[in-house]
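Here's a quick tour of what stands out once you start poking around in this one. Have the viewer open and follow along.

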Amino acid sequence: MVSLPQRMRKLQTKLLAIRLGSGALVLPHDVARIHMRFAAKINGGHRGPRDFWRHELVRLKYHNPTVPMTIDRTLAATDAAVMEVHFSAPRDSTSDTPPTATTTTSPATSPPPTRLHPLPLTHLTAPDILAALVALTKATPVEATPEERDELQMLEQHRVKSARDSKLSLEVRARQRREAELLEQARGDVATA
Amino acid sequence: MTAPRYCPACLSGLTSASSTLLRSTTTRTTTIPSAITHQIRTATQSQNALKYRRKDIPASQKKKKSRSTFLQPDLKNAIQFSLVDAMRYIRASEVGRPPTSSKYELHLRLRTAKNGAVVRNRLRLPHPVKTDLRICVIAPPDSAQAKAAIASGAVLVGEESVFTAVKEGRVEFDRCLCHTDSLVALQKANLGRVLGPRGLMPSVKTNTVVRDVGSAVREMAGASEYRERFGVVRMAIGQLGMGAEELQRNIRAFVDSVKRDMAGLSDQTAKDLHEVVLSSTNGPGLSLDGRFASEDGLGSKELGVA
């Protein structure tokens with residue numbers, strides 16, 4: 001059974017990795033949905049989107065739980081990977097990046113107008129994809145609090161100490177194992193002789 | 001320089017003049033020093049020493065002390081979460097996965113003896129997790145029971161046809177029920193080799209040999225089974241797409257059911273609940289502290305959709 005302190009350290013490392021790191025951003029309120037489309041295999045430039053989904057998108061989802069984030073991996077390798085960012089507010093004239101897809105007009109009773117901005121993702125790495133998303137949405141990064149920084153430092157120190165102790169005890173155990181083996185060998189020789 | 005020298009055997013003093021090494025080699029009369037003849041060692045073992053003599057038991061006879069209960073950690077130093085906080089981390093870890101494919105799972109760690117009775121039962125959750133169970137019914141074809149089974153949603157009904165299919169290896173169902181009238185034919189058909197290892201063989205002990213097939217199929221279709229293994233009861237408790245209130249209802253139902261089972265066991269087996277851990281197909285395992293939401297965390301509405 002793994003001890004409780006060990007389990008808690010492992011858990012804290014994992015949770016801090018979800019809360020902090022690249023992709024830990026708070027999206028502005030007008031981002032309504034993020035949808036990624038890429039292939040199931042990485043051939044053809046789909047490695048970046050897959051890595052973005054597994055790492056950065058996790059942190060984005062943690063900090064923006066109300067934004068639906070979906071993926072669709074049914075594309076063929078030769079198709080272009082795309083990230084569709086849906087905005088709920090109508091396009092404001094001060095925005096740098098003009099939308100390239102349809103804009104729905106809203107009658108009085110329907111949901112607010114959305115616009116869709118597709119980001120091409122093929123052959124981009126995960127950091128590039130993140131940079132493009134930040135440029136498009138103007139998201140604000142999440143900074144680590146002092147407590148979290150202390151926690152990270154403590155965990156790192158523990159990892160270093162643990163590696164050192166592990167190496168030392170490995171030598172001791174190897175020596176003990178060798179002695180036991182020699183003893184067994186000697187016993188075996190006596191038994192057969 | 002001229003330190004006094006002693007004979008190492010009898011500790012009698014020697015001078016360099018009388019060193020035996022330098023005596024003439026012809027006369028080799030070696031006299032045993034008198035001290036040695038009187039140096040008979042007697043172990044002075046008092047009664048006290050005998051009593052406290054170290055007993056070296058050979059390793060083969062040493063009894064290793066083994067625990068009779070499973071080790072459960074003291075949770076006062078554990079990091080625990082309210083349900084909504086735990087769901088937030090789990091939903092983040094499962095981002096992008098289909099909402100019906102990833103499942104929440106609950107692990108109940110019990111304080112229990114290692115070799116006692118185990119908790120084992122079936123439960124209908126308020127919000128069922130897996131709704132597409134394929135059930136096979138062994139009943140005489142063209143009987144009322146067979147018709148009832150088909151009406152309740154069984155995927156494969158019959159007797160001989162089922163036996164031949166299973167013997168060929170075509171086991172295309174997840175559960176198997178048998179009508180009491182067909183039990184004899186089932187035993188004769190020797191399907192234990194195929195169904196036994198999969199846990200699908202109908203038997204009286206697992207309540208899979210029934211009289212009223214229709215209601216049994218309906219009950220089975222909505223029911224989740226759980227079983228205690230090595231002091232932990234694990235069960236799928238929800239789909240990713242479920243909200244916090246639905247998950248809470250499922251968790252309450254499951255924990256209440258397990259508590260009732262534990263109380264219903266004989267008084268000799270003392271079992272109680274030690275820890276509740278929520279996890280998911282791709283997420284971390286988070287210990288729950290019993291609260292629904294925390295004061296400075298999110299509310300259940302702010303959790304959003306998957």
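B:Asp142 counts as exposed, at 74% relative accessibility. Keep in mind that this is a predicted model. B:Asp142 sits in the loop between strand 6 (135-138) and helix 4 (144-152) of chain B, and its phi is positive, about 60°, although it is not a glycine.

**Backbone oddities and a buried loop serine**

- For context, most residues other than glycine have a negative phi.
- B:Phe230 is another residue other than glycine with a positive phi, near 55°.
- Look for B:Phe230 in the loop between strand 10 (223-229) and strand 11 (232-239) of chain B; with a relative accessible area of 71%, B:Phe230 is exposed.
- Is B:Ser82 buried or exposed? B:Ser82 is buried, with a relative accessible area of 0%.
- B:Ser82 also belongs to a loop, the one between strand 3 (80-81) and helix 3 (83-93) of chain B.
- Not counting residues up to four places away in sequence, B:Ser82 touches B:Leu288, B:Asp289, B:Arg291, B:Phe292, B:Ala293 and B:Ser294.

**Salt bridges**

- Over all chains, the structure holds 18 salt bridges.
- Two of the residues that B:Ser82 touches, B:Asp289 and B:Arg291, form a salt bridge with each other, their closest N and O atoms being 2.9 Å apart.
- B:Asp289 is partly exposed, with a relative accessible area of 29%, and B:Arg291 counts as partly exposed at 35%.
- B:Lys271 and B:Glu228 meet through their side chains in a salt bridge (2.9 Å, N to O).
- B:Lys271 comes from the loop between helix 9 (244-264) and strand 12 of chain B and B:Glu228 from strand 10 of chain B, so this pair ties together parts that are 43 residues apart in sequence.
- Both B:Lys271 and B:Glu228 are buried.
- B:Arg109 and B:Glu275 make a salt bridge too, at 3.7 Å from N to O.
- Here the link is between strand 4 (residues 103-111) of chain B, home of B:Arg109, and strand 12 (residues 272-280) of chain B, home of B:Glu275, so it ties together parts 166 residues apart in sequence.
- B:Arg109 is buried at 14% relative accessible area, and B:Glu275 counts as buried at 2% relative accessibility.

**Where chain A meets chain B**

- Which residue of chain A forms a salt bridge with B:Glu275? That partner is A:Arg7, with the closest N and O atoms 2.6 Å apart.
- A:Arg7, B:Arg109 and B:Glu275 are thus linked in a network of salt bridges.
- Between chain A and chain B the count is 1 salt bridge.
- The interface also has 4 residue pairs in polar contact, both residues being at pLDDT 80 or more.
- On the side of chain A that touches chain B, helix 1 (4-19), helix 2 (47-63) and strand 3 (69-75) of chain A each supply at least two residues.
- Helix 1 of chain A gives the largest share of that side, 9 residues.
- By class, the side of chain A that touches chain B has 14 nonpolar, 3 polar and 4 charged residues.
- In total, 21 residues of chain A are in contact with 28 residues of chain B.
- The two chains bury about 2100 Å² between them, 67% of it on carbon and sulfur atoms.
- A:Leu4, A:Arg7 and A:Tyr62 lose the most area to chain B in chain A, together 26% of what that side buries.

**Nonpolar cores**

- In soluble globular proteins, nonpolar side chains tend to be buried together.
- The largest nonpolar core here has 70 residues, and those with the most contacts inside it are A:Phe52, A:Met83, B:Leu106, B:Ile237, B:Phe254 and B:Leu278.
- Leaving aside neighbours within four places in sequence, B:Leu106 is in contact with residues including B:Val233, B:Met235, B:Ile237, B:Phe254, B:Val277, B:Leu278 and B:Leu288.
- Another core, of 16 residues, lies apart from the largest one, with B:Val166, B:Phe173, B:Leu186 and B:Leu191 among them.

**Chain A on its own**

- Chain A has 4 helices and 6 strands, and from the N terminus on its elements run α-β-β-α-β-β-β-α-β-α.
- Of the 193 residues in chain A, 32% are buried.
- Among contacts in chain A with a separation of 6 or more, 81% come from residues 24 or more positions apart.

Note on methods: Residues are numbered from 1 along each chain as its sequence is written. Chains are lettered from A and ligands numbered from 1 in the order in which they are written. Side-chain values use heavy atoms; hydrogens and water are left out. Contact means heavy atoms within 4.5 Å. Buried area is the accessible area (1.4 Å probe) that two parts lose on being put together, summed over both. A salt bridge is a side-chain nitrogen of Lys or Arg within 4 Å of a carboxyl oxygen of Asp or Glu. A polar contact is a pair of N or O atoms within 3.5 Å; within protein, one must be able to donate a hydrogen and the other to accept it, and residues adjacent in sequence count only if both atoms are side-chain atoms. Ala, Val, Leu, Ile, Met, Phe, Trp, Tyr, Cys and Pro count as nonpolar, Asp, Glu, Lys and Arg as charged, and the others, Gly among them, as polar. A nonpolar core is a set of buried Ala, Val, Leu, Ile, Met, Phe, Trp, Tyr and Cys residues joined through side-chain atoms within 4.5 Å. Buried means under 20% relative accessible area, exposed over 50%, partly exposed in between (1.4 Å probe, protein chains only).
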